[in-house]
Amino acid sequence: MTATLGALAWLFAVVCFGAIIPIVPTGAAVSGATALAFHEGRPVTMTFVVAAGAAGAYAGDLVMYAMCRFGGEQLARRLRWLRDEEHLAAVKDRLKARQVPVLLVSRLIPGGRVPVLLAAAFAGISWDTFVVANLPACALWSVVYAAIGLAGGSIFPRPWQGVLAAVVVILVVNQTVTWWNKRRETSST
């Protein structure tokens, strides 16, 4: 049980760090942990993986939102979070029209969370709105990535195969979305 708690604490820390520094594949971490938990044979552990992933994402998002709110556009430019002014303006418009749905969906789109967090912070979305809207977004995100890990864990007979499959699927999806977005940007200019 101590090993499981330690693994969950590490998962929380990795996902929290990845939410702040968006180079860590946090979805792959949740998927891999779920695949391992599936092979452990205790379904309650998978529930804890979802909870640890959601809590880490939520805590990291709160830190990043605070950094965006208090650091402003200068900090965003310095950390190279702010790259596309036109896209940011479009996201701000969508946020003003539908705050909660945009925050909810942004967590599920690879590369969509950072622009939405920036737009929300720069548009002055209140802390109350962000705190409430981001909670189900993080929970849904964790459930989706855990489902990918569960699929990987149930398809393959060995834990490492399920983890590897889940991580590969996540990385391929992320790279495909990144490639597609760059291709769209290039063709629109």
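**Salt bridges, nonpolar cores and annotated spans**

Two salt bridges are present in the structure, which is a predicted model. In one of them, the side chains of R107 and D61 meet at 3.0 Å, N to O. This pair joins distant parts of the chain, with R107 in the loop between α5 (99-106) and α6 (113-123) and D61 in helix α3, 46 residues apart. R107 and D61 are each buried. In the other, the side chain of R113 meets that of D61 at 2.9 Å, N to O. Here too distant parts of the chain are linked, since R113 belongs to helix α6 and D61 to helix α3, at a separation of 52 residues. R113 is buried, as is D61. D61, R107 and R113 are thereby connected in a network of salt bridges.

The largest nonpolar core comprises 17 residues, and those with the most contacts inside it are L11, V15, V30, V49, A57, W141 and Y145. Two or more residues are given to this core by each of α1 (2-20), α2 (26-40), α3 (43-78) and α7. The greatest contribution, five residues, comes from α3. Beyond its neighbours within four places in sequence, A57 contacts V15, A19, R107, C138 and W141. Another core, of 15 residues, lies apart from this one and includes M64, L103, A121 and I125.

Y65 is located in helix α3. Its relative accessible area is 0%, and Y65 therefore counts as buried, the cut-off being under 20%. When neighbours within four places in sequence are set aside, the contacts of Y65 are L117, A120, A121, I125, S126, W127 and F130. Of these contacts, A120 is 55 residues from Y65 along the chain, and the C-alpha atoms of the two are separated by 8.2 Å.

On the surface, V105, L108, I109, L140 and V144 make a nonpolar patch of about 340 Å². L140 is part of helix α7 (residues 127-155). This residue counts as partly exposed because its relative accessibility is 33%.

An unreviewed UniProt entry assigns the feature "transmembrane region" to residues 45-68, 131-151 and 163-180. In the model, residues 45-68 are 100% helix and 0% strand, and the end C-alpha atoms of this span lie 34 Å apart. Residues 131-151 are likewise 100% helix and 0% strand, with 31 Å between the end C-alpha atoms.

Key
Residues are numbered from 1 along each chain as its sequence is written. This is a predicted model: local features need pLDDT of at least 70, side-chain atom pairs count only at pLDDT 80 or more; totals for chains, interfaces and linings use all residues. Side-chain values use heavy atoms; hydrogens and water are left out. Patches are made of residues with over 30% relative accessible area and no salt bridge: like charges are joined within 9 Å, nonpolar side chains (Val, Leu, Ile, Met, Phe, Trp, Tyr) within 5 Å. Accessible areas come from the Shrake-Rupley method with a 1.4 Å probe; for residues, only the protein chains shown count as cover. A salt bridge is a side-chain nitrogen of Lys or Arg within 4 Å of a carboxyl oxygen of Asp or Glu. Helices (H or I, at least four residues) and strands (E, at least two) are DSSP runs, numbered from the N terminus. Buried means under 20% relative accessible area, exposed over 50%, partly exposed in between (1.4 Å probe, protein chains only). A nonpolar core is a set of buried Ala, Val, Leu, Ile, Met, Phe, Trp, Tyr and Cys residues joined through side-chain atoms within 4.5 Å. Contact means heavy atoms within 4.5 Å. UniProt positions are given in the numbering used here, feature names are shortened, and annotations may be inferred rather than shown by experiment.
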